[in-house]
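Colleague: I should like to learn how to read helix packing and chain contacts in a model. Could you take me through an example?

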Amino acid sequence: MGRSSKVGDAASLTPPRGPAGANGEPGEIRSGMAPSVSSLLQYLVSGVTLGSIYGMIALGFTLIYNSTGVVNFAQGEFVAYGALVAISCSTTLGLPMPLAVLAALVAVTALGAVLERLAIRPARGSSVITLIIITIGASILLRGIAMKLWGPDALPMRHFSGETPMGFAGASVLPQHLWVMGIVLTTMIALWLLGERTQVGKAMRACAADREAAQLVGIPASRMVMLSFALSGMLGGLAGAIVAPLAMGQFDMGIMLGLKGFAAAILGGIGNPVGAVLGGVLLGVLESVGAGVRSEFKDAIAFGVMLLVLLAKPTGLLGRRAQ
Amino acid sequence: MKRELKRYQAIGLVAMAAIALPRAMSADYQLHLAAIIGINTIIVLGLNLLMGYAGQVSLGQAAFVGIGAYASAILTVKVGLSPWLGMAAAVALGALTAAIVGVPLLKLRGHYLAMGTLGFGMIVHIVLVQWDKLTDGTVGIMGIPPLSAAGVALESAPSMYYLVALCVIVSTALASNIIDSRVGRAMRAVHGSEVAAETSGVDTARYKLQVFILSGALAGLAGSLYAHHVTYVHPDTFGFAYSIQLVVMAVLGGMTSIWGAVVGAAAVTIISEELRQYQEYSTILFGAVLMAVMIFMPGGIWRGAGDLYRRLRRMRPGRARAGV
């Protein structure tokens, strides 16, 4: 218990190769040997895939942080629930993949809204540490429920469109890698459009920029807060559903994913949505390359990077908000 | 003056209760639990000073406990030093690590500081797991020898309990002295407003660091006591979950009191133990209870119970008081 789970393991996102081909093995390259171009490309593929997931998680953090100033420690649990609900729908209920993913989306979006209503709203005005502990309590609660509902083991999920790897300059790319990258990219564009072109999106941005001013022009701030939680839930749930075929679903997959997603948000600059995604992708690549070189300290990479950023430039790469 | 008297009375009460406890409890298990509560209390005293008085959040305190525990374990089991020397080393290492890490980290504020301490805690855990030449990794270190006083090994539950109780009393007195001293006033100034404190000539950076180092030393001491009490250390004991538990203990007890450390440590330790029997539901219950307490009693159980009591009193018929 408490060990870093296989999920989020950069290596497990790469297809097995060679006779050994065991999942979870540090990788095809033994440490000490200089990585070749094709293996670097391989790291890039799994890195960007993993990084896209981190980016989605980081974006979820940013949305909530911008609207409430709260760090949502339960963000990782959104991802876990997304994965597990999708697995249940597709494996147990036999629903077709798009429906399963949609169901996961809807479920976790609702979960986000419920969390805001039941846990955050009543504690409005509390101190930073109180709110942090509330979300930590929520994450513990959600993890416990997940273990009760889905058991302690890792559950597999069918890949969206088969598992035949495609060769690409010596690197092996799975269709699921493309699915993840494609869906994340599409979601980012959709969110950008939401923020730029729709009333709701603009209202949310206004609220994040200056809550009082937004309220003065008639924007219902509390509803925007709930929306940001719901949207965060959607992002987390979607991330979980699309990465589950690669990394499996497990009740405690949210711990590490959440923490690393937050590290990505800090790397990119907390409060900055573009930074969140950028930070995510960058962190994913760094972790992937690092894991290939020295697999034992793979998890330390994310936290090391985060500490480095906090000490050198706390506002991150694209930091916009001072506090 | 009156406050000082009350403090000494409080410490005296704690001391008497601590001494009387083994008479009341026969089972070794209960004494063992009391010792664990005592160990947690020492850590939480440090956390209270850091979070409650100096206003600095630490989500990685378990790392210092782990450093202390492993220092004792490695020095006694692998190097063969006397356990007392090992304990001294544990305290020193806790303080030293806090000093090294605190200088850069304490420049951060609020959420950034919280995440910084969290990151530090995670890295220490990973090092404990991965540097297996030194720490035996996930196998852990067993057979840690007991401390001995005057030639008698402190192995039994009561003897270990007394040692821990003694450390708790000493730590409590120390913390109490600090709170009432110049350093304490400076810390409260920092907590109230760092800017205001600075303009009044308080060297905030220095005081924050001093409190941080003290909390690290206390955690190191607690870790050493833990190692000798349980005689086995494993990296997973000192991970993120324990750091969170410690913060919860501090907050539940109401961060600004000495009593609070004892109450918080006792409450969380006992609740966790009781919940264990529910196995699968233990996590669910713990999370739910945690959320409920933080939402409805954010000032800690102490103050929350007090508020509740006052509210109930006011509701009694015929006791309506204007303006209370």
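Modeller: We shall discuss a helix pair, a single helix and a chain contact in turn. This is a predicted model, in which local features need pLDDT of at least 70, side-chain atom pairs count only at pLDDT 80 or more, and totals for chains, interfaces and linings use all residues. Residues are numbered from 1 along each chain as its sequence is written, while chains are lettered from A and ligands numbered from 1 in the order in which they are written.

Colleague: How do the axes of H5 and H8 of chain A cross?

Modeller: Two packed helices are described by the angle between their axes and the distance between the axes. Here the axes of H5(A) (residues 175-197) and H8(A) (residues 221-247) come within 9 Å and cross at roughly 170 degrees. H5(A) is therefore roughly antiparallel to H8(A) (angles over 145 degrees count as such). Among the residues that meet are A:Trp179 and A:Ile183 in H5(A), and A:Leu238 and A:Ile242 in H8(A) (contact: C-beta atoms, placed from the backbone, within 7 Å).

Colleague: Which residues of H6(A) are buried?

Modeller: An α-helix has 3.6 residues a turn, so residues three or four places apart point the same way. In H6(A) (residues 199-209), A:Ala203, A:Met204, A:Cys207 and A:Ala208 are buried (20 or more other C-beta atoms within 10 Å; exposed, 12 or fewer). They fall within an arc of 135 degrees, so they line one face of the helix. A:Gln199 and A:Ala209, on the other side, are exposed.

Colleague: How many residues does each chain bring to the contact?

Modeller: Chain B brings 34 residues and chain A brings 36 residues. H5(B) gives the most to the side of chain B, with 12 residues.

Definitions and conventions. Axes fitted to C-alpha atoms, helices over the stretch in contact; angles between N-to-C directions. Helix = DSSP H or I, 4+ residues; strand = E, 2+ residues; numbered from the N terminus. Parallel < 35°, antiparallel > 145°, perpendicular 65-115°, else oblique. Contact = placed C-beta atoms within 7 Å. Arc of directions from axis to C-beta.
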